[in-house]
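Student: Could you take me through one part of this model closely, the packing around a single helix, and then tie in whatever else stands out? An informal tour is fine.

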Amino acid sequence: MLIFFQPFNRFNSFREIAFYGLLLLFIMKIFKNRAIHIDFRDKTIVAISLLVGWSILASILGPYPLDSLNALRKNLFVQMLIFLVIITEFKSYNELRTLFRIVAVSFAIVTLASIAENFLDLINLNMDLNALQSKRTHKMFIAGYASKASFYLPFIAVWLTSLKKVPREKWIGLTAILLGLLTVFAYNVRAAILIIPLAILLIIFLSKKFKLFVIAVIIFAFFYASIFSPVKSDTLSQSKYQSLSDLETFSKNERWLLWEGTLHIIKKRPITGYGYGWKKMAFVIDDLKLMEYWRKDFPDIYGFMFKPDKNRYGSINPHNLLLQIVFEIGLIGLILFLWLWTTVILKILKTVSVKEQSDGKTFVLCSLGVIVSYALINIPNGYWQEAYGNMIFMFIASIFVIHKQYAQRIEDKRDA
């Protein structure tokens, strides 16, 4: 239930019920039979433990402890519960398949609902695409769709590559990917339309489905050729994508001003940060009186950052994952975060080095596409909390389980 409702914008009460219900059952199991075993010598467990511990310490000692601890409760604690339940309840790739089906089905439902939502809006707006784009951020299903798709679509593609003889599941997955790509295109976000196809192509290549890879390359090549066509389109979606061919789109992007301003904030507390959670960023700017500083010495940053109707709690985000982590829990937190991902990648490499073919090994190998997508989408964004963060820790836990399964298999062979 908790995993199923992650891609939905609403239904927060269901997620809350699922979280506290899961937490209660997990605690009851610990006290009932004490059968939960966690290997605290494992490097991934060590990295996560230190990351959580440091996040709590940096939040308590930071200038905004109440807000930071509340953000921990809403985000990191949920992620830790998901991680712990998966690594203790699931023992193999075959057991994880049910969880993967839930991930695919939930996003397929969100995709269909988003398409229906947009279609009905287009009818009401007399097929006016410009008016539709201005409404998308307030809708129940389509809001935030592209960012979620940067995780879900590559993950579903990885899941599909590991399926051998399940035609019904394959059709569900393929339909979700195709409709999802169309919905992402309609969403009119440049980063996602570049990153998601790249990740899917990498996944297909790693799965060694070379005929499908060639077909996909040709399809995407025609698609990007139409985007970069010198013939300009009057539609908002097409014209925005066509700006990708203009170098000024990158060299004069307003995010450079946001990142420079974020660096000014970080300079005040580079080691420990301001405490977990990014929504306090507007408060930090006010408390440090940075608007006045920018107005005098950095007018470009001031012009971008000073928005009287928007400079409030939760309205300003660093829009870069590494900068966001340093803002929240400092350079120490960033080192722990990068170490965590290093342990995950090492687990992937060790698993794929096993000399046998299986669905689980294919899943782990192709999961590199999910990591590539996550790394690229977080250059202009900061996704390590809320629903995206929950799903990322579900992904890390899945890699952990499959790696442990193969490591145990190797150990059994040695003993034999």
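Tutor: Happy to. The protein chain has 20 helices and 0 strands, and keep in mind that this is a predicted model. Of its 416 residues, 50% count as buried. Taking the contacts in the chain with a separation of 6 or more, 75% of them come from residues 24 or more positions apart.

Let's make α7 the part we look at closely. This helix covers residues 145-161, and we can follow its packing against α18 (residues 359-366) and against α8 (residues 167-187).

Start with α18. Its axis and that of α7 are 8 Å apart, and the two helices pack at an angle of about 150°. An angle over 145 degrees counts as roughly antiparallel, so that is the label for α7 relative to α18. The crossing of α7 past α18 is right-handed. On the α7 side, the residues that meet α18 are F155, V158, W159 and T161, while α18 brings T362, F363 and C366. Sorted by class, the residues of this contact come out as 5 nonpolar, 2 polar and no charged.

Now swing round to α8. The axes of α7 and α8 come within 10 Å and cross at roughly 155°. That angle also makes the two helices roughly antiparallel to each other, because the cut-off is over 145 degrees. The handedness here is left-handed, whereas α7 passes α18 in a right-handed crossing. From α7, the contact uses Y145, A146, A149, L153, I156, A157, W159 and L160. From α8, the list runs E169, K170, G173, L174, A176, I177, G180, L181, T183, V184 and Y187. By class, this contact has 14 nonpolar, 3 polar and 2 charged residues. If you want one residue to click on, try W159: it is in the set that meets α18, and it is also in the set that touches α8.

That's the close look; here is what else stands out, beginning with aromatic rings. With ring centres within 6.5 Å as the cut-off for a pair, the count comes to 34 aromatic pairs. One of them is F5 with F11, a tilted pair with 5.8 Å centre to centre and 50° between the planes. The two partners differ in exposure: F5 is buried, with a relative accessible area of 15%, whereas F11, at 31% relative accessibility, counts as partly exposed. Another tilted pair is Y374 with Y388, at 5.7 Å centre to centre and 40° between the planes. This one links distant parts of the chain, as Y374 belongs to helix α19 (residues 368-377) and Y388 to helix α20 (residues 386-415), 14 residues apart. Both Y374 and Y388 are buried.

F11 deserves a second glance for its backbone. Most residues other than glycine have a negative phi. F11, though not a glycine, has a positive phi of about 60°. You'll find F11 in the segment before α1 (12-33). E386 is another non-glycine residue with a positive phi, of about 55° in this case. E386 is found in helix α20, and its relative accessibility of 42% puts it in the partly exposed class.

While you're on α20, look at S398, which also has its place in that helix. At 0% relative accessibility, S398 counts as buried. Which residues is S398 in contact with, leaving aside its neighbours within four places in sequence? Those are I86, L96 and F100.

For a contrast, finish in a loop. R312 sits between α16 (299-305) and α17 (321-352), and at 51% relative accessibility it counts as exposed, given that the class begins over 50%. The C-alpha atoms of R312 and K279 are separated by 8.8 Å, with their positions 33 residues apart along the chain.

Note on methods
Residues are numbered from 1 along each chain as its sequence is written. This is a predicted model: local features need pLDDT of at least 70, side-chain atom pairs count only at pLDDT 80 or more; totals for chains, interfaces and linings use all residues. Side-chain values use heavy atoms; hydrogens and water are left out. Axes are lines fitted to C-alpha atoms, for helices over the stretch in contact, and angles run from 0 to 180 degrees between N-to-C directions. Helices (H or I, at least four residues) and strands (E, at least two) are DSSP runs, numbered from the N terminus. Angles under 35 degrees count as roughly parallel, over 145 as roughly antiparallel, 65 to 115 as roughly perpendicular and the rest as oblique. A crossing is left-handed if the near helix is turned anticlockwise from the far one by less than a right angle, and right-handed if clockwise. Contact means heavy atoms within 4.5 Å. Ala, Val, Leu, Ile, Met, Phe, Trp, Tyr, Cys and Pro count as nonpolar, Asp, Glu, Lys and Arg as charged, and the others, Gly among them, as polar. Rings of Phe, Tyr and Trp (its six-membered ring) pair if their centres lie within 6.5 Å; planes under 30 degrees apart count as stacked, over 60 as edge-to-face and the rest as tilted. Buried means under 20% relative accessible area, exposed over 50%, partly exposed in between (1.4 Å probe, protein chains only).
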